[in-house]
Structure formats: C-alpha cells, structure tokens
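Hi,

Here is the structure I promised to pass on. Have a look at it first, and then read on for what turned up.

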Amino acid sequence: MIEVTEEHDGQRLDNFLMRLCKGVPKSHIYKAVRGGEVRVNKGRVAPDDRVKLGDVVRVPPMRLPAPDEKRAVPGSEFPIVFEDDGLLVIDKPAGTAVHGGSGVSFGVIEALRAARPEAKFLELAHRLDRDTSGLLMIAKKRNVLLALHEMFRTGGGRKHYLALVEGDWVNARQHIRLPLVKWTTQTGERRVKVEAEGQVSHTIVSAERRFNGYSLVDAELRTGRTHQIRVHLASSGFPIVGDDKYGRDETRAQFSKLGFSRMFLHACRLEMPHPLTQEPMVLEAPLPPSCEKILQKLEAL
C-alpha cells in the first residue's frame, strides 16, 4: 500500500507504477491494472487515471528478474491436430504467446524447439494473439513456410474463428470491409483502429447461436491483419467478450464472476490445400472446455 506524496500529485497511474516497479515489463503493469490487481483508494482504475496527493495505491507483488538472469526455456509439446514431414498444426491454448517478446520470455515456438532439439527447422507460419486459442501452423521445412506465406498473400485457404460477442447478431452472413491501421498509445501499447487510409481488411461474419444479449458468431478471415477480427467486430458494435483492448471492462468483470477470464476467440477450422501436395485439408479444433462451459451458463440464464 503506497501513499501518493506531493512529488507525484497529478501523475498518470501507469507512469507512477513504472517508476515504482523499475524493471517490470510494461505489459505486466498494464495487465495488473486491467485485471483489477492495482487499486486506488480500494477502487478499480485505468492506466491513464491520475493519482492525487494522499491517494493510497495498492501495488500487487511483481517479481523482478535477477541481474543477468537467463531463463531456461522448458520444452513443451501441444495438442497435435496434424503433422507430417513438412507441417505441424497444433491446438494452442489461450494465454500462451506464440513467441517471446513484449515482456514474455518465451512462447510456443521456443518451447517446441526446446522439446524437439533434433528438428532442423521450426518456424511459425502465422500468428495468433496470446489470448486466442486454436489452430496454429508451424512449418518444418523452408519450402513449406514459403508456400504458406504465398497462400496467405494471395488469399488462399479459409481460416474460421468462433467468437462470443456482445449484442444480438441478426444477419445470417455479413461482410465487414473496414480499413485498418496500426498505432501506438501514449503508454506504448500497440493498437489497431479503423481509418480510411488503412490497409484493406475483409472479414465474413456468420451467426451461429444467440443468447440473451450475446451471440456466438463464425468469423472467416479473408485478409490477415493484426487484431482484425477483434477490431472489425468492436467497430461494428459487437465487441468480443473478454477482449482487454477493444471490449468493455464491465463485461469482462461480469464474465470473470461467472468463472470465465479469457477472451472468447478460438481458431476453430482451417480449410486449405497442403502446401506441398496440394491435397485438400480440413482441420478442426473443438471449443475449449472453458468456452463450452460459459455457453452452457448463458443458455441457462
């Protein structure tokens, strides 16, 4: 419990915390604030709120790395959906980054390399956000990686995601074409927004199931921009449940009380020709148990 002194009266909360917690990655600090672990006068706050003289700030425990500490990457395997000599497709769990960086020591690709020291080549063919679960492709040969990149560039293949959104999605099938541009907030967070001069972006959204005030939708990516589905849905008035960047804090808190504390976005289906043989492939990853459970709770409400 830290009391704000005259020296820091009027300072932004995120800057106050970064000064206090030197060495802690910014992403950890923002996550602690958004998750309600940081409190000011026992109340929830936003990173850009300003602290005042006499405020009492609760700062949760945060582990600092020891000087020159190098964390060993533990080898990990993940549920395998498909594997042959050139391609590996796994079912990535939510909360796991695909690679190290931005305050994360390691991710899926580093863990796989550690688990498979004999593998001469393992590279991510695409990305999934940390809080997104589901199908993730890893190339085991360079020619496979290049073929997959060319397929994505030319719009080949079909990638489908399931998302639970706020609101009643009434259209059976709707094309969202909103240009997207990346930007960085004053606090250093990477964000995406709709802007006329942004990159062409195309998502096809289909209704799957409706609940009281919420809808389960299928989102098919026709382009692969950063945070595309999240921003397209939020900008259309249907933010994804649990989205800590583009969703509503009130909804996230409400679902957390129901035992659901992740973003409801899951890469569920992949339709594409094999990058080498051109044989048609259809790969699927079922909804994780936590997602199925929250849908059952919504049905019972």
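To start with the helices: is the crossing in which H1 passes H2 left-handed or right-handed? It is right-handed. Bear in mind throughout that this is a predicted model.

Some detail on that pair. Helix H1 covers residues 13-20 and helix H2 covers residues 26-34. Their axes come within 10 Å and cross at roughly 125°. Roughly antiparallel would need an angle over 145 degrees, so H1 and H2 count as oblique to each other. On the H1 side, the contact is made by Leu 13, Asp 14, Leu 17 and Met 18; H2 brings in Lys 26, Ile 29, Tyr 30 and Val 33. Sorted by character, the residues of this contact are six nonpolar and two charged, with no polar ones.

Now the sheet. It is open and has three strands, in the order E1-E3-E2, with antiparallel pairing. Strand E1 (2-3) and strand E2 (39-40) are the edges, each pairing on one side only. If you want to check the E1 pairing yourself, look at strand E3, residues 56-58: E1 and E3 are joined in the antiparallel sense over two bridges. Ile 2 is a handy place to begin, as Val 57 in E3 stands opposite this residue.

Finally, how the two parts meet: H1 lies across E1, E2 and E3, and runs at about 65° to E3. H1 therefore turns up in both halves of this story, crossing H2 obliquely and lying across the three strands.

Cheers

Key:
Residues numbered from 1 in each chain as written. Predicted model: local features only at pLDDT ≥ 70, side-chain atom pairs only at ≥ 80, totals over all residues. Heavy atoms only, no water. Axes fitted to C-alpha atoms, helices over the stretch in contact; angles between N-to-C directions. Helix = DSSP H or I, 4+ residues; strand = E, 2+ residues; numbered from the N terminus. Parallel < 35°, antiparallel > 145°, perpendicular 65-115°, else oblique. Left-handed = near helix turned anticlockwise from the far one by under 90°. Contact = heavy atoms within 4.5 Å. Nonpolar A, V, L, I, M, F, W, Y, C, P; charged D, E, K, R; others polar. Pairing = 2+ DSSP bridges.
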